[in-house]
Amino acid sequence: MIYHHIALNVPLSDGLLTYVHPEALPVGRRVVVPFRNRPQVGIVWAAGVEPQIAAAKILPIQEVFDDEPLLPPDWQALLSFTARYYHYPLGQAVFTALPHSLKEPKAVALPQPPLFYRLNAIGRQQPAPPARFRKQTALWAALAETAHGVDMADLKRIHAQAEKTVAAWQQQGWIDCTDTVPPHAAAPRHTLNEEQQAAAAEIQTAFGRFQPFLLYGITGSGKTEVYFDAVEKVLASGKQVLFLLPEINLTPQLLKRIGERFGDVPLAVLHSQTAAGKRTQDYLRSLLGQARLIIGTRLAVFTPLPDVGLIVVDEEHDTSFKQDNELRYHARDLAVWRAKQHNCPIVLGSATPSLESWHKAQSGTYRLLELTRRGHAAARPPVVEILNVGRLKMDNGFSPQALKLLQQNHQQGGMSLVYLNRRGFAPALFCGDCGHTFGCPNCSAKMVLHQRAKQLRCHHCDYRQPVPYKCPDCGNQDLTAVGFGTQRVEETLRLAVPNAKVVRVDRDSTAHKNDWAELYRQIAGEEIDILVGTQMLAKGHDFARLNLVIVLNADGSLYSSDFRAPERLFAELMQVSGRAGRADSAGHVLIQTQLPDHPVFAAVKAQDYRRFAEQALLERQPFSMPPFGFQTAIRADAPTFAEAAGFLNEIKAELESLLPENVACFGAVPMLMVRLAERERAQIFLESPSRKDLHRAVSLWVQMLQQNRQPNIRWSVDVDVQEM
């Protein structure tokens with residue numbers, strides 16, 4: 001009998017339990033084992049181990065999925081590193097990385113490799129079908145012209161009955177069939193300008209070895225074309241490419257461009273809105289090497305790939321790459337680790353790089369590539385105007401100047417974007433008589449008025465209630481909507497620019513699978529005059545007709561106590577400004593603010609990332625704040641804040657003398673949103689200029705947290721914390 005360590009989806013420190021089997025099973029095999037009297041999926045992590053408990057207590061493995069491919073050693077190494085670095089149970093980390101179907105205790109259907117058909121020597125001697133059978137003639141021509149074969153999906157586009165017809169010709173012995181993927185035949189290429197050519201050539205010098213690149217290019221400079229040039233050459237060499245995006249809504253536009261450029265490349269798309277079955281099949285196709293180009297959001301970084309030649313992380317600065325619950329990993333950082341593991345280059349691209357990546361590029365850890373001009377020959381950076389609205393009379397967030405610009409742009413045939421980072425009709429409902437505001441009963445947040453749904457909603461825990469008709473404190477029925485959200489802005493625009501087609505784009509209006517595809521269709525058909533949107537419209541999109549951007553309420557995030565707030569605001573404003581003037585028409589950006597002298601606005605007006613980055617790094621260095629130091633947040637939530645803070649402070653007192661000298665550990669403080677979903681939250685920050693010493697301190701904390709478990713308190717560890 002052979003003893004095995006099995007990784008299970010359980011909250012144990014290493015997540016490995018010992019089970020027995022008559023034969024040694026290969027590492028990476030999926031199995032079913034009993035756990036607490038229920039069958040549960042596990043992954044064989046080691047075989048032939050010495051049991052640490054009595055052999056009589058060790059349970060047998062119930063089922064082995066011998067027909068499925070093994071999860072490879074490099075994938076196991078990635079998950080082992082992830083669990084160690086983020087101080088998370090190994091078994092739970094492993095199951096975070098698996099698609100839903102592979103977590104179920106049953107076998108999965110394996111993806112069949114696509115078959116490619118072509119006429120053989122005998123077939124080429126046969127006469128083509130009569131001309132009157134047009135579709136059969138076209139099918140025959142496609143099979144005759146190909147050197148490497150055509151797959152059935154492409155043949156069915158030529159003739160709906162292709163499967164039946166090809167089968168008949170196969171029976172005649174006229175057609176050969178193979179599962180060998182033909183080499184990629186590149187579509188007509190976009191002509192790169194000199195800067196793009198230089199950047200692409202530099203990336204190609206690193207093929208076959210680890211080299212991180214930071215591709216810093218102003219918005220509209222054609223970073224995607226540089227990616228595509230490198231991707232094309234890697235695919236032509238027969239290797240795989242992993243392409244990570246921060247947001248699902250960027251996927252349709254990118255897939256359209258990829259279809260035009262790499263239409264014949266086997267593709268896998270992995271993100272949370274993909275149907276579970278398809279996601280599992282694409283995951284397995286990637287593992288088996290059937291998919292060559294893998295596109296996905298942050299979770300795709302864990303996809304097993306046998307032959308990676310290049311990794312691309314687009315919009316690398318985006319906070320969406322950091323998971324904010326359970327396994328709190330950063331996909332960008334793990335992508336760099338994977339590139340080193342696979343000995344291949346990685347390209348991190350952004351118009352507003354994170355200060356961590358910029359610092360690494362300045363210090364030589366990353367190689368900096370720059371694109372300083374827009375890719376479209378006629379395009380120019382937008383003209384940015386900062387408007388002080390402190391003493392202006394506003395109309396639901398709009399200054400008179402903003403409304404005038406929108407009206408003029410519509411008359412001249414332009415397309416406009418009105419940007420604010422707040423959905424709903426208004427951020428709060430207010431009683432003017434007694435001052436009552438409607439807060440969420442579960443969170444320390446105000447309920448947001450959604451007028452069309454006639455609801456108040458909490459955007460944190462999703463608690464909902466009908467709009468009250470009177471104040472619960474004084475009975476006043478004249479309740480006032482305070483502030484403005486995307487719905488209220490949309491209403492205001494319909495009155496101010498009555499002939500314009502106004503479309504709101506936020507999480508409420510794009511909740512369904514095909515909403516983004518429909519939006520792109522309308523924009524391409526010039527059916528939209530004004531877009532009203534939140535952050536999801538600020539990045540990555542390329543709308544040629546868009547030439548005016550109005551930014552409302554730009555100051556909100558500057559009142560945050562998070563030291564990263566100016567960096568996020570700068571990136572947000574630069575990204576949304578970059579949507580304007582990407583084609584022939586000049587771009588104009590109007591940013592409304594009550595703090596016009598803030599350095600962030602000066603840097604945005606100058607469209608000068610270097611200026612902002614240098615100033616921000618100078619401010620952070622004396623305090624050893626990232627990227628000059630490292631941070632981890634230890635968090636706890638409980639029914640009351642006193643319980644959560646007391647729990648953390650007691651452990652801090654016990655550990656104080658054991659922590660390395662250069663690790664600072666502060667007392668428990670409330671999180672910015674102290675109450676969430678009926679639980680109150682406290683946090684302690686650990687900081688150090690040494691990553692190694694910080695991790696030693698975090699390990700001590702985790703050991704103590706595990707020893708001091710309390711039934712009413714939950715805790716978590718957030719390494720390289722991004723949110724205060």
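**Exercise 1. Glu370 and its surroundings**

Let's start with Glu370, which is found in strand S15. The model is a predicted one, so please keep that in mind as you work through the exercises. Decide whether Glu370 is buried, partly exposed or exposed, and find which residues Glu370 touches beyond its sequence neighbours.

*Solution.*
Step 1. Look at the accessibility. The relative accessibility of Glu370 is 30%. A residue is buried under 20% and exposed over 50%, so Glu370 counts as partly exposed.
Step 2. List the contacts. Leaving out residues up to four places away in sequence, Glu370 touches Glu195, Tyr216 and Arg610.
Step 3. Try a distance. Glu370 and Pro441 are separated by 71 residues in sequence, and their C-alpha atoms lie 50 Å apart.

**Exercise 2. The buried side of helix H7**

Glu195 brings us to a helix. Work out which residues of helix H7 (residues 194–204) are buried, and what covers them.

*Solution.*
Step 1. Pick out the buried residues: Glu195, Gln196, Ala199, Ala200 and Ile203.
Step 2. Look down the axis. These residues span an arc of only 130 degrees, so they sit on the same side of H7.
Step 3. Find the cover. The elements over the buried residues of H7 include strand S9 (211–217), helix H8 (223–236), strand S13 (308–314), strand S14 (345–350) and strand S15 (367–371).

**Exercise 3. Strand S13 and its partners**

S13 is part of that cover. Find how many residues of S13 are buried, and in which sense S13 pairs with S14, parallel or antiparallel.

*Solution.*
Step 1. Count the buried residues: 7 of the 7 residues of S13 are buried, and the strand is mostly covered.
Step 2. Take one partner. Strand S10 (residues 240–244) pairs with S13 in the parallel sense, over 5 bridges. Here Leu242 stands opposite Ile311 in S13.
Step 3. Take another partner. S13 and S14 pair in the parallel sense over 4 bridges, and Ile311 stands opposite Ile346 in S14.

**Exercise 4. The two sides of helix H9**

Sort residues of helix H9 (residues 251–261) into a buried side and a side turned away from it.

*Solution.*
Step 1. Begin with the buried residues, which are Thr251, Gln253, Leu254, Ile258 and Arg261.
Step 2. Check how they are arranged. Seen down the axis, they fall within an arc of 165 degrees, so they line one face of H9.
Step 3. Turn to the face pointing away from the buried side: Lys256 and Glu260 are exposed there.
Step 4. Name the cover. Over the buried residues of H9 lie, among others, H8, S10, strand S11 (267–270), strand S12 (293–296) and helix H15 (515–524).

**Exercise 5. Two strands with antiparallel partners**

For strand S1 (residues 2–8) and strand S27 (residues 630–638), describe the burial and the pairing.

*Solution.*
Step 1. In S1, 5 of the 7 residues are buried, so the rest of the structure largely encloses this strand.
Step 2. S1 pairs antiparallel with strand S2 (residues 16–21) over 6 bridges, with Tyr3 opposite Val20 in S2. S1 is also joined to strand S4 (residues 38–47) by 5 bridges, again antiparallel, and His5 has Ala46 as its bridge partner in S4.
Step 3. In S27, 8 of the 9 residues are buried, so this strand too is largely enclosed by the rest of the structure.
Step 4. Antiparallel to S27 runs strand S30 (residues 679–688), joined by 9 bridges; Ile634 stands opposite Ile684 in S30. Strand S31 (residues 714–719) pairs with S27 in the antiparallel sense over 6 bridges, and Thr632 has Val719 as its bridge partner in S31.

**Exercise 6. Backbone details in the loops**

Locate Pro627, Asn553 and Ala677, and describe the backbone at each.

*Solution.*
Step 1. Pro627 is in the loop between helix H18 (609–620) and S27. The peptide bond joining Pro626 and Pro627 is cis, with omega about 10 degrees.
Step 2. Asn553 lies in the loop between strand S25 (546–551) and helix H16 (565–577). Its phi is positive, about 50 degrees, although Asn553 is not a glycine.
Step 3. Ala677 is in the loop between strand S29 (669–676) and S30. Here phi is near 50 degrees, a positive value in a residue other than glycine.

Note on methods: Residues are numbered from 1 along each chain as its sequence is written. This is a predicted model: local features need pLDDT of at least 70, side-chain atom pairs count only at pLDDT 80 or more; totals for chains, interfaces and linings use all residues. Side-chain values use heavy atoms; hydrogens and water are left out. Buried means under 20% relative accessible area, exposed over 50%, partly exposed in between (1.4 Å probe, protein chains only). Two strands pair if DSSP finds at least two bridges between them. The arc is that of the directions from the helix axis to the C-beta atoms. Contact means heavy atoms within 4.5 Å.
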